[in-house]
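Biologist: I'm new to this one and would like a close look at a single part, the stretch of chain around the disulfide. Could you start a little way off and work your way in, then point out anything unusual on the way back out?

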Amino acid sequence: MNKYLFKIKYIVLVTFVSLTSCVNDDLADVGDLEDITGPTPFYNVTDITTSEFDCSDVELEANYEFNFQAGSNLAVNGIYYEWKVSPSEGIELINKDLPILEKSIEGELATVTALEDAISKLEFKLPCTVDEAKAAVLEAQIADLEAQLETAKASLTDETLQNVSNLESQIATLPAATLQDREIIVSFPGPGEYTVGLTVTDNLGKSDYIEKTITVNQVVPTIPIPEIGEPSFDDGTLFDGTGDGRDSWRAPSSSKWGSVFQINTKSELGVLPDGYQAAKFPSDGSRVGYQEIEVTPGATYVLTYFSELDTNNIGEVTVSIISPNATTLDEAKLEANIIASRTESSVGRVDDVFKKHAITFEAGEYEKVIILLTNSGTECRLDAFDITVKQ
C-alpha cells in the first residue's frame, strides 16, 4: 500500500514541476501582468488674493494671486508636471517659497513689523477723520509709535540682522517659477474666468490631463468693524484716554430716552467678564444705555455681550438694535424700528453668574444704528460688548 502511495506522490510532484516550468516571463501574456496603471492627476488651489483700499473705498492695489499644488494617484511615479493657463496674457508665475521667506523675515523683525502695522492702521484712519480732536489724538499716537519704531530698529541685534540678510539673499537667488513646477503661485492680470490645466506624466511615459475653470473675482473693500465706545464700561477707555465708562452710552435726550445706567465696580480682575466695571440697571427700569454706531449698508454683523440678573425678582434685560429713525424710547419700541432684539429673563439664572449672548443683524440700508439697553422688574448687569462682521 505504501508503495502505491509513494508512486502517486511522485506523479503529482513531477506534474507540478512540469507545469511551473512552462511559466516564462519572456512570453507575452504569461507570468507577471503588465503595469498598465497610469497617473490620475489632480490639483488643489487656494485663493491668496490681497488688496488695499483707502478709507473712501478707492482701490489702491490688488494682487490676484492663486496657489496651485499638483498631485496624482501615484506617490512615486507621478513625477513630471506641466501646467497650462488660458488665456495666458498678463500671467505671472511666482516661486512658491517667496511668501514663506517673506514671512520668515517678518518673524525675525516681529517687534518692528508690529509697530509698522500699527502706524499703518492709524495713518489709514487719519485722512477720513473729520473730528479734529480725534485727528489730533491719532497724530499723537502715530508720533509716539514712530519713536518706538526707531528705538526698535536701533535695538536689532547683529544676529537678527544677519538672519534677515541671509533670508533676503535666499529671496534674491530664488529660481524663477515655471509651468513645470509641482507647486506654483499664479498672478492673474485681473478678474475673469481662466482655464488651468495640468498634465502629469510618470517615469514610464504614461500621462493624463485635467483642467478646471478658475474664477477670479473682483476685489471689494473689507467691511470695517464698527467701533463701540466703552464696550466694557471701564473708566478711561475713550479714544483720548478719558471717560467714566458710560459717556459713550448717554442718550441725546434723557427726557426722551431715560437716564443713563449706573456703574458696578469690582476691585479685582476676573470677577466681571472684562475689566473692573459693568453697566448696572436698577429694577425700576428707569435707566437705559444708548449708543449710535456706524455700519456698512448691506453688511451682516454679530453683536455679543454678557448679562447677569438678580434672581430675587422676576424681570428681564433687553439688548436691541434700533433704526436711527427712532427719536424717543417709545418710538424705539415700535416694531418698524426694531432691527434685532434679544431678551434675557431672570428665571433659571444664577446670581453673580454672567452668560454670553449674541445678536445677528443686517444693516440693510442704514449707515448708523442704535444699540439700546433696557430692563424691567429686576436689577441686572451687562458687560463686554463686542461686534464682528459676519462673512
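Modeller: Let's start at Gln148, which is partly exposed, with a relative accessible area of 36%. Keep in mind that this is a predicted model. Gln148 sits in helix 4, which covers residues 132-154. Its C-alpha atom is 8.9 Å from that of Val112, although Gln148 and Val112 are 36 residues apart along the chain.

Now to the part you asked about. The structure holds one disulfide, and its partners are Cys55 and Cys128, with their sulfur atoms 1.6 Å apart. A disulfide, in case the word is new, is a covalent bond between the sulfur atoms of two cysteines. Turn the model until you look along the S-S bond of Cys55 and Cys128: the angle about that bond is 70°, and the link is right-handed. Cys55 belongs to the loop between strand 2 (50-53) and strand 3 (59-72), while Cys128 belongs to the loop between helix 3 (110-125) and helix 4, so the pair ties together parts that are 73 residues apart in sequence. What about the surface? Cys55 is partly exposed at 28% relative accessible area, and Cys128 is partly exposed too, at 37%. For contrast, look at Cys380: with 0% relative accessibility, that cysteine counts as buried.

Stay with the loop that holds Cys55 for a moment. Asp57 is also in the loop between strand 2 and strand 3. It has a positive phi of about 65° even though it isn't a glycine. That's worth a second look because most residues other than glycine have a negative phi. Asp57 is partly exposed as well, with a relative accessibility of 49%.

You can find another positive phi elsewhere. Asp352, not a glycine either, has a phi near 65°. Its place is the loop between strand 15 (338-345) and strand 16, and at 59% relative accessibility it counts as exposed.

One last oddity involves a peptide bond. The bond from Ser86 to Pro87 is cis, with omega near -5°, and Pro87 lies in the loop between strand 4 (78-86) and strand 5 (92-95). Most peptide bonds, by comparison, are trans.

So, back at the disulfide, picture two loop residues, Cys55 and Cys128, joined across 73 residues of sequence, with Asp57 in the loop that also holds Cys55.

How values were computed:
Residues are numbered from 1 along each chain as its sequence is written. This is a predicted model: local features need pLDDT of at least 70, side-chain atom pairs count only at pLDDT 80 or more; totals for chains, interfaces and linings use all residues. Side-chain values use heavy atoms; hydrogens and water are left out. Helices (H or I, at least four residues) and strands (E, at least two) are DSSP runs, numbered from the N terminus. Buried means under 20% relative accessible area, exposed over 50%, partly exposed in between (1.4 Å probe, protein chains only). A disulfide is a pair of cysteine sulfur atoms within 2.5 Å.
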